Each structure stands twice: as C-alpha cells, then as structure tokens.
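Visitor: I'd like to go through this one and ask how each label is earned. Can we start with the charged pairs?

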Amino acid sequence: MFDVRTVEAGACCEQERDSADGAMSMTARRRRAFQRQACLLSVLAAFSLGLALGVFVPLIGISQAASKGSIVVDGSPEQEPQQPALQALHHPAHQMPHFPTIDDIRSADDGPRGRYASVSFIAEEKLTGEGEDVLFQPKLDVDGFVERKLPSPAASIVQQMLAGSSKMAQAAVPERRESRASKFDDAEREDGEGVIRDGIYWGPSVERALPDGFDQRQSESWARYLHEAEVERLEIGCGRMQNRLLVFRDGTRACARYRQNTDQIQGELFSFYLGQLLNLTNLAPSAASIIDPEARLWAAATEELAGAQWKPTKPVVITKWIGNLEPAGIPLPFRPLERHLNRFDVRNITEGLDRPRDGVRRLLLDRLGPARDGPAATPATPSSSTSTLPSQPPTPEVLERLVELAQWSDLIVFDYLIANLDRVVNNLYNFQWNADIMAAPAHNLARQTDSSLLVFLDNESGLLHGYRLLKKYEAYHGLLLDNLCVFRRSTVRALEALRDASVGQRLNALFERTTTAQIRDVLPPLPEKSVKILVDRIDRVLGQVQKCRETFADR
C-alpha cells in the first residue's frame, strides 16, 4: 500500500518544476530573439555607414570640385591640383595606357584640342617676346605635370614614369617652338649643317660619323672561315648555360648558340639575314652549322661536345666573338614613354637646348642680350630670331649623341620588324613593376668601347617566337616606333626594295646560298606565315615614315 499524500505531493512538485522550466525557456527565447534583432540592427548600421562613406562622400567631393571649376590639362599656368581625398580614394587599375602618337599630334594641329593636349610635341607657352611672335617655348614641366589631374585612369603609369625620371636628376627637356614661316629657313640651315635632311633623315655629318660595323663582306669571310676552321675546345660562356664559347686552333673565338627547339635557331639566323638585307652593320657575323663529331670542325672537341650534352645532328649558330663590349643604356629621348625623336628634338640637342631649365634660361638670355643692348630694339620676327642662332657644325660631344640616336633609329625599326621580345620590350613590359627600369641597361644590347658601335645581340625570338606572342606584346612593339620620326635613308630605301620584291624569297635564297644541304635537312626555311607577318610589318614601318614625312618634311 502507498500513502495518497505522498503521491499528491510528488505530483505537485512535478507541476511546479514544469512551470519553472517553461518560464526559463520563455526567457531564453526572448533573449535570443533580442540578440538576433540587435545583430541585424548592427549589420544594417554598418552597411549604411559604409554606403555613406563609399558613395555619398565621393559624390559630395566631386560636386565640390566641379563647382570650383573644371580642370583642363592644356599647358595653361592656372591649374588646380587634385584633391587629397580623391587621390586617397582613387586606385586606378594597372593597364597599358594609350600613349600619344604622331596621329594625335597631327589631329591636334588640325582640329580641336583633345585628350593629348598635355603631351603635345611642343608646349604652347611663351618664355619671352611680344605680340604674336614666338621666340622660344619650353616643354611642359615634368614636376608640374605629375601634380595635375590626368583625364584617364591609366595615366598613373605615365606619372610613375615621369616621377622615376625626375628621381634620376633628369630635368624636363625644353624644346623650341617655331612658327610655320620659319620652318623652311631652319631646314635650309639644317641641310647646311648636315644633321637632318628632308626633315626626317639623318644628314651626311651623322652618316659619316657612324662606325663601320660588320658589312656583308665580313659576314661572307666568316662563313668561309668556318668551312676550314677546327674547334680546339669548348668553354662555358656566351650567355645561357646551353651556349658555349668556342676556341679555334688559331686562337679565334666565337659564341655557339645551341637550343633544343629549332625555331630559336631559325629566329637567330633569319634575323641576321634580314639585317643583311637592310644593310645593318650592327649584327655580328653569324653562320649555321651541324653538330657532327666526325666533321673537321668538331673532330678535336668530341669530349667537350659530350660534356656540353650537345646531341649530334643538332643545328647551332656560330657568331664571331666581339671584344671590348660594355652595357648600353636607353637614350634619354626614349626613356619616358611619351617622349619622341623628330627634327626639332635633334635641333634642341644640336643647339644645347635639351639641358635643364636653368641652363636654357641662361643660354637664352645670353643670346638675347646683344639684341636688347643694341641701338635699335625692333620687335623680333620668326626669321630674325632664327638667324641669331648659331649655325656651326655639332661639337664632338653632340655628334656622339647623334650617332647613338641614329643607331637607335635602326634598332627600333629592326626590333619592330622581327618582334624582338628580349631587348627594349623587356624594359617596357617590366616598367609596370619597376618605374626605374628604363634607366637600366637594355637587354641584349652592347656598345663597343673603341668605336661606339651598338651591337644587336641575341635575336633568337625574332620572326617566329615573337610573332606567336604578338597579341600580348604588340602594344609594346609599336610604342617606340610610333614616336620615331628620324630615320636613316639607307634603311628606308632597303625597306622599300623589300616591299616591292618578295622578302620571303630573298631570305630563303640567302639561306640556301650560305648553308649546306646537311644543314637544310634539319633546319627548315622561314615559314610562309612568318613571311606574311613580316610583309605587314614592313608596310607598317613605311606607313610611319610617310606620316613623319607629311608632318616634318620640308615644303
């Protein structure tokens, strides 16, 4: 038997316990609901604050900047710097900017001023003079240009380039602005000095000062030498680890280029052939050969061939050793991406007007001093102003700079034709990570110390490998060509001859004439696809020459 009171007491306790648990669970649920609501409100508040900071604040800042007046980069002295708040919030994406070319300069002369007004060929600022006559106009100041607001997001790359060049203590290059009436008078004096001819060609004084280099006769002599020479040993050197320095029995040295892929051997060899057709003397004599331990050329160096892991029947390109070489840098007119080289730039170099701003002002004051002190202070005219400038031949220092620029004009044309990736394009491409790389020596370019000859080394990416990557690097290939308006007349004539004739047939004919049947069995001729691309690029170069002729040639 059991006690009824005990049972009733136990039931009462259970009911009280259930009611207490229900009250606690209700409180917990309310607390959790309140926490969820508080979390949602916090997220909403944070979102609203971010929206206000990210949208409304820039809009308010832009409206305030617009209310103060639009900023136009046109070379005028009254320009406002960019707001600090906008500079902090604006992060332009890394992309290849559209740099001004000669087309933009010509359109700026004929039509309204466009987006390239700030980087025109010659600034529109007067330094002195009265009325409408312009005596001298300096180029746009680099430091002032960096502080101004540019119209496109990609302009930050140009700012980095300009800032990097200013760190190297290279001041802005002032340039002469000449009226149309005085251009013909200047051209006559240029012809007399022999620096520039017909507005776009290097003159006789520069052509005579160019180093001799390596002509076709030396190349044929090198090919005949290899038919009779004997390699005594192979040494490590000449660039990549697969290359070797060859030492012949008579002490002559040469560089042998060995690659697993034949297209790089083709690129090196046919680029050399193209240089011969263009009458370029900056490429060292080269010839193709086959690794054959039983041949006279390699018979005495079979152990070194095995140590170098050179496989028999593989083609190599043997290039004559060139001594007394030093690294060659990129000239100042080509370092900043928006700079250029035309007849007026050459005049500035010849007359010493490319020095820093303070030096130019002193030079100008010295030139204008006698005119101010003279008895008749008449207003200057374009013809009278140009007649006061000296017409002496260039000094040896200036002539040395012009000789370097003349060789660079050939280099720019040659590298564009073959789409060389391993020279200046290497510097231009890596500029997006290193703003000072344009001041570094150019890849695969050397200067002979005793003759100032520029030697174009390592052209293996030309005509084949470089053509396959045109979609990625074409903007860099055309960058320097679009800003070049001074050429060697012999190079332009050779290009015109190649355009009228079949460049592919001439290259393959030269290949068959300078190689043996054994070499042609393992090394094919230049592919037809590469020939078509080369023809298009020849037309592109001649089109640039025509644009420069229309803009700068004497009329």
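Visitor: What makes Glu235 and Arg233 a salt bridge?

Guide: This is a predicted model, and in it the closest N to O approach between the side chains of Glu235 and Arg233 is 2.7 Å. The cut-off is 4 Å between a side-chain nitrogen of Lys or Arg and a carboxyl oxygen of Asp or Glu, so the pair qualifies.

Visitor: Why is Glu235 called partly exposed?

Guide: Its relative accessibility is 29%. Buried means under 20% and exposed means over 50%, so Glu235 falls in between. Arg233, with 33%, gets that label by the same reasoning: partly exposed.

Visitor: How do you know that Arg257 and Glu460 form a salt bridge?

Guide: Their closest N and O atoms are 3.2 Å apart, and the limit is 4 Å. The pair links distant parts of the chain, 203 residues apart: Arg257 sits in strand E5 (residues 253-258), while Glu460 is in the loop between strand E10 (454-456) and helix H16 (465-468). Both Arg257 and Glu460 are buried. They also belong to a network of salt bridges with Arg240, Arg259, Glu268 and Asp458.

Visitor: What about Arg447 and Glu326: how far apart are N and O there?

Guide: The distance is 3.4 Å, so that pair also passes the 4 Å limit. Arg447 is in strand E9 (residues 441-448) and Glu326 in strand E8 (residues 325-329), so this bridge ties together parts 121 residues apart in sequence.

Visitor: Why is Arg447 called buried?

Guide: Arg447 comes in at 18%, and the line for buried is drawn at under 20%, so buried it is. Its partner Glu326 has 33%, which makes it partly exposed. A search of the whole structure finds 22 salt bridges.

Visitor: How do you know that the span of helix H14 agrees with its number of residues?

Guide: H14 (residues 396-418) has 23 residues, and at 1.5 Å a residue it should span 33 Å. Its end C-alpha atoms are 33 Å apart, so the two values agree. H14 is mostly covered, with 17 of its 23 residues buried. Ala419 follows H14, and its phi is positive, near 55°.

Visitor: What makes Arg29 eligible for a surface patch?

Guide: Patch members need over 30% relative accessible area and no salt bridge. Arg29 has 41%, so it clears the area cut-off. Arg29 lies in helix H1 (residues 4-68), and it forms a positive surface patch with Arg30, Arg31, Arg32 and Arg36.

Definitions and conventions: Residues are numbered from 1 along each chain as its sequence is written. This is a predicted model: local features need pLDDT of at least 70, side-chain atom pairs count only at pLDDT 80 or more; totals for chains, interfaces and linings use all residues. Side-chain values use heavy atoms; hydrogens and water are left out. Patches are made of residues with over 30% relative accessible area and no salt bridge: like charges are joined within 9 Å, nonpolar side chains (Val, Leu, Ile, Met, Phe, Trp, Tyr) within 5 Å. Accessible areas come from the Shrake-Rupley method with a 1.4 Å probe; for residues, only the protein chains shown count as cover. Lys and Arg count as positive and Asp and Glu as negative; His and the chain ends are not counted. The place of a charge is taken as NZ of Lys, CZ of Arg, CG of Asp or CD of Glu. Helices (H or I, at least four residues) and strands (E, at least two) are DSSP runs, numbered from the N terminus. Buried means under 20% relative accessible area, exposed over 50%, partly exposed in between (1.4 Å probe, protein chains only). The expected span of a helix is 1.5 Å times one less than its number of residues.
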